[in-house]
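Colleague: Please walk me through the cysteines in this one. I will keep my questions short.

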Amino acid sequence: MKFLVISVVLGLALAGPSLKTEEQRPVVSKELIDYINSQQSSWVASDKWLNGMTVSEAKKLVGTQIRERVWPVKDYSGVKVDVPTHFDSREKWPNCIHPILNQGQCGSCWAFGATEALSDRLCIGSNGSINVVLSPQWLVSCDWAGMGCSGGWPDLAWDYMKLSGVATLDCVPYEAKDGTCPSKCHDGSKIQKYYADSVDLLFGPENIQKAILEGGPVETTFTVYEDFMSYSGGIYKHTSGKELGGHAVKIVGWGRENSTNYWIIANSWGTSWGLEGFFKIAFGQCGIDYQAVAGKPYLK
């Protein structure tokens, strides 16, 4: 028994430093960047945004729980609409697609994707009469199904916005940390909440495209690998690196280049990342169009 205890303790002691070293290493090394750029010409890897980011720090930027597909999904196959080769919500509804935000060192992407998509859809659905930016901090602090900065489920965030509503960013500013659900705005004024009227689960490019054409941007999830952190332009396709976790983002459109169909997506890592906060990713990559969610805004 004594030998067994000593062996276990010794094993933990040996594993500890190794695990710490793995978490503290650069998430993308110069060697990996050079390798990525040598292996493909679809997209460009760069360290201009990373600033020595470690694996541990990178994992704090992804917090979406990805699970088996949730049913039932909405089927748009019977909707007769021509899907163009290129579409960008920023061009179709320029006053309703709100600016890139920054989640900081908090795994709240699930809340950003949800509130950002509903913000846009409220504006689009009301023909611009409701033009507000909703508060991701409200979901971080108030959504009972989420885990704040430790992650959450996008579809459940939409369920929450349908049942309980969400305040505006002006009312509840983002703090990049867990908090208690406020009873009034930060300036002491009364909270006004906005709601989703429905929640639609979407699977596959055609359903997502038709949902965007019908009502505006949608939230989606995908698996982030280490190489994605170094994205600086082009059409992303996973090339190398370990899995970091699930991430939620907002799809605003799509296009086609050199026979590759791609999504145009708003990230929540600030405007210094990627294409001023946006990125392009090939259809089907990393589960990007496997599990999306959106819904009609409540306009009454």
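What follows is a short exchange on the disulfides and the free cysteines.

Modeller: This is a predicted model, where local features need pLDDT of at least 70, side-chain atom pairs count only at pLDDT 80 or more, and totals for chains, interfaces and linings use all residues. Residues are numbered from 1 along each chain as its sequence is written, and side-chain values use heavy atoms, with hydrogens and water left out.

Colleague: How many disulfides does the structure hold?

Modeller: A disulfide here is a pair of cysteine sulfur atoms within 2.5 Å. With the bonded cysteines numbered in sequence order, the pairing reads 1-3, 2-5, 4-7, 6-8. The number of disulfides is 4.

Colleague: Which parts does the disulfide of Cys96 and Cys123 tie together, and how many residues apart are they in sequence?

Modeller: The sulfur atoms of Cys96 and Cys123 lie 2.1 Å apart. Helices (H or I, at least four residues) and strands (E, at least two) are DSSP runs, numbered from the N terminus. Cys96 sits in the loop between helix H4 (89-92) and helix H5 (109-125), and Cys123 in helix H5, so the tied parts are separated in sequence by 27 residues.

Colleague: Is the disulfide of Cys106 and Cys149 left-handed or right-handed?

Modeller: Cys106 and Cys149 are joined S to S at 2.0 Å. The pair links the loop between H4 and H5 to the loop between helix H6 (136-142) and helix H7 (154-163), 43 residues apart. The torsion about the S-S bond is about -95°, so this disulfide is left-handed.

Colleague: Is Cys181 buried, partly exposed or exposed?

Modeller: Cys181 forms a disulfide with Cys142, with 2.1 Å between the sulfur atoms. Buried means under 20% relative accessible area, exposed over 50%, and partly exposed in between (1.4 Å probe, protein chains only). Cys142 has 11% relative accessibility and counts as buried. The relative accessible area of Cys181 is 40%, so Cys181 is partly exposed.

Colleague: Why does Cys109 have no bond to the closest cysteine sulfur?

Modeller: Cys109 is buried, with a relative accessible area of 0%. The closest cysteine sulfur is in Cys106. That sulfur is too far for a bond, because the distance is 8.9 Å.

Colleague: How far from Cys286 is the nearest cysteine sulfur?

Modeller: Cys286 is buried, at 17% relative accessible area. Cys286 is in no disulfide. The nearest cysteine sulfur belongs to Cys109, and the distance is 14 Å.
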